[in-house]
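Below are some notes on the model you sent round, set out as numbered points. Please read them with the structure open beside the text.

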Amino acid sequence: MNQPASPDLATWVAAVPLMRVGYHLDLLEQVASLRQSHTIYPPQEQVFRALELTPFESVAVVIVGQDPYHGPGQAHGLAFSVPHGVRPPPSLRNILREVAEDCYDGEAPDVDPDLTRWAVQGVLLLNALLTVEAGRPGSHRALGWERLTDAIIAQLSAQREHLVFMLWGRYAQAKAALVDPTRHLVLQASHPSPLSAHRGFLGCRHFTRANAYLQVHGRPPVIW
C-alpha cells in the first residue's frame, strides 16, 4: 500500500526512508482491518497525531512511551497524554507533578492533561507502538510498529543536532542505543508509574535540564 503522504506527514516521509516506501501506510491498513473485529485505540485518524503535530525539523525534545492507553476515551495519539477533560492516568499525574516541582515551585499554571501544548512547541510524544487493542497493553507489538518508531528515533539522531531524548523506564531506556550521545542530550529515569516513580523519576528535573540544554544551543525553552 504505497500512497502519497498527507501534507502533515510530509516532513517525516522525506526524512525517514521506511516511510518513503509506505511502511507506515501498510501498518495503518493492517490496523484498519483489525478494527473490523476489535476495539482499537487511538481512533484511526489519530494514529500518527504525534508526527502530524510535531514536524521533523521542529522536534526539540523526544519523550518515548510504550504504547497508547488501552481504556476508552484516553488515547489520542500522543504518548502519556489524554484529551482535555479526561482524568489523567497515574503516570501522567506524576509527570505533571514533576513539572510542577521542577519548573513552577510546586504550582503548575496549566494542569490540562492534554499535552498538545507541548507537541506544538517541538516535543515529540512518541509511543514505540502506535496502536493497542482495548484492555490489552502491548497487544500490537507483533505488528511491526517498533521497526517504524525505531527508524524515526534513529533518523532524528542522525539528521538533527542538539535534541533532548527523555527515556523513562527500562523499555524506553533501551532506545538509547539508537541515539548518538555526542550529538544529543539523553536523559534517563525510572518510569513515572506509581510503581517506580519514587525510584528516580520524581526529582529527576528533566524538564529544566532539557530547557537549559536547548538554550545553550540556541533553541527556545519549552513552556512546560
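1. Phe 80 is a sensible place to begin: with a relative accessible area of 10%, Phe 80 falls under the 20% limit and is therefore buried. The model is a predicted one, and what follows should be read with that in mind. Phe 80 sits in the loop that runs between strand E2 (61-65) and helix H5 (90-103), and its phi is positive, at about 70 degrees, although the residue is not a glycine.

2. Asp 105 also deserves a check of its backbone, since its phi is near 50 degrees, a positive value in a residue other than glycine. Asp 105 belongs to the loop between H5 and helix H6 (116-119). Is Asp 105 buried or exposed? Its relative accessibility is 75%, which is over the 50% limit, and so Asp 105 counts as exposed.

3. A further backbone feature to inspect is the peptide bond between Tyr 41 and Pro 42, which is cis, with omega at about -10 degrees. Pro 42 lies in the loop between strand E1 (40-41) and H4, and Pro 42 is also one of the residues that line the largest cavity.

4. On that cavity, the structure holds 1 cavity of 30 Å³ or more, and about 40 Å³ of space lies in the largest cavity. Besides Pro 42, its lining includes Val 47, Pro 68, Ala 75, Gly 77, Leu 78 and Ala 79, together with Leu 125, Asn 127 and Leu 130. By class, this lining comprises 8 nonpolar and 2 polar residues, with no charged residue among them.

5. Two of those lining residues, Gly 77 and Leu 78, return in the surroundings of Arg 49, which is placed in helix H4 (residues 49-53). Arg 49 has a relative accessible area of 18%, which is under 20%, so it is classed as buried. Which residues does Arg 49 contact once its neighbours within four places in sequence are left aside? They are His 76, Gly 77, Leu 78 and Thr 116. The C-alpha atoms of Arg 49 and Gly 77 are separated by 5.0 Å, although the two residues are 28 apart along the chain, and the side chain of Arg 49 makes a polar contact of 3.0 Å with the side chain of Thr 116.

6. His 140 is another buried residue with a polar side-chain partner, and it is called buried because its relative accessible area is 5%. His 140 is found in the loop between strand E4 (132-133) and helix H7 (145-159). A polar contact of 2.7 Å joins its side chain to that of Thr 131. When residues up to four places away in sequence are not counted, His 140 touches Leu 34, Ile 40, Leu 129, Thr 131, Val 132, Glu 133 and Trp 145.

7. Strand E2 should be looked at as a whole, because 5 of its 5 residues are buried, so that it is largely enclosed by the rest of the structure. In a regular strand the side chains alternate between the two faces of the sheet. In E2, Val 61, Ile 63 and Gly 65 point one way while Val 62 and Val 64 point the other way, and all of them are buried.

8. What are the pairing partners of E2? E2 runs parallel to strand E3 (residues 123-127), to which 5 bridges join it, and E2 is also parallel to strand E5 (residues 164-168), with 4 bridges between them. Val 64 can serve as a reference position for both pairings, as it stands opposite Leu 126 in E3 and has Leu 167 as its bridge partner in E5.

9. Finally, the largest pocket has a volume of about 520 Å³. It is lined by 30 residues, of which Gln 66, Asp 67, Tyr 69, Ser 91 and His 191 are the closest to its centre. E2, H5 and helix H8 (169-173) each supply at least two residues of this lining, and H8 gives the most, with 4 residues. Divided by class, the lining of the largest pocket has 14 nonpolar, 14 polar and 2 charged residues.

Conventions. Residues numbered from 1 in each chain as written. Predicted model: local features only at pLDDT ≥ 70, side-chain atom pairs only at ≥ 80, totals over all residues. Heavy atoms only, no water. Buried < 20%, exposed > 50% of the residue type's maximum accessible area, 1.4 Å probe, protein only. Contact = heavy atoms within 4.5 Å. Polar contact = N/O pair within 3.5 Å; in protein donor to acceptor, adjacent residues only side chain to side chain. 1 Å grid on protein atoms, 1.4 Å probe; cavity = no way out; pocket = protein on both sides within 12 Å on 5 of 7 lines; lining within 4 Å. Points joined across faces, edges and corners; volume = space filled by probe spheres on them. Nonpolar A, V, L, I, M, F, W, Y, C, P; charged D, E, K, R; others polar. Pairing = 2+ DSSP bridges.
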